[in-house]
Amino acid sequence: MLEELRQVLLQVNSKVFYAANEYDNDSVTEPPFIIYQETTKRAGLFNDNKPAFYVSDIQITLVTKKKDPDLEHVLESTLLQNDYTFEVLSEYRNPDGSINRVYEIRLEEYINAKQ
């Protein structure tokens, strides 16, 4: 599930990290780059006291040196072309002037049920 999403994000940018902003590390990664992480995972429905599926919220953050509508469009189009419906949660400027644009997608993982 997350590896499939990572492969989609790699179509947008070659620098994709899970849950860690490498830009804040000693080994600086220059923007643009993408960070993604699972922020919640909840059972969506129960069958015979077992979860039938889980719903995960995934946060995707696009970090750019300055506002980049073209790259935002590429990311959004790529997500939609791969059947990931997104919401934009926020956009803010970092102390160094770079921009974080934060997206959220919802994924369902079926455990004990048929899709």
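Two worked exercises on a predicted model follow.

Local features need pLDDT of at least 70, side-chain atom pairs count only at pLDDT 80 or more, and totals for chains, interfaces and linings use all residues. Residues are numbered from 1 along each chain as its sequence is written, and side-chain values use heavy atoms, without hydrogens and water.

**Exercise 1.** Place Arg101 and decide: buried or exposed?

*Solution.*
1. Find the element: Arg101 sits in strand E5, residues 99-110. Strands are DSSP runs of at least two residues, numbered from the N terminus.
2. Check the area: Arg101 counts as buried because its relative accessibility is 15%. Buried means under 20% relative accessible area, with a 1.4 Å probe and protein chains only.
3. Look across the sequence: Thr61 is 40 residues away, yet its C-alpha lies 5.6 Å from that of Arg101.
4. Inspect the side chain: Arg101 makes a polar contact with the side chain of Glu91 at 2.7 Å. Such a contact is an N or O pair within 3.5 Å, one able to donate a hydrogen and the other to accept it; residues adjacent in sequence count only if both atoms are side-chain atoms.

**Exercise 2.** Which residues does Ile34 touch, leaving out those up to four places away in sequence?

*Solution.*
1. Set the cut-off: contact means heavy atoms within 4.5 Å.
2. List the partners: Leu9, Val12, Asn13, Lys15, Val16, Phe17, Ile60, Thr61, Leu62 and Leu75.

Technical notes: Helix = DSSP H or I, 4+ residues; strand = E, 2+ residues; numbered from the N terminus. Buried < 20%, exposed > 50% of the residue type's maximum accessible area, 1.4 Å probe, protein only.
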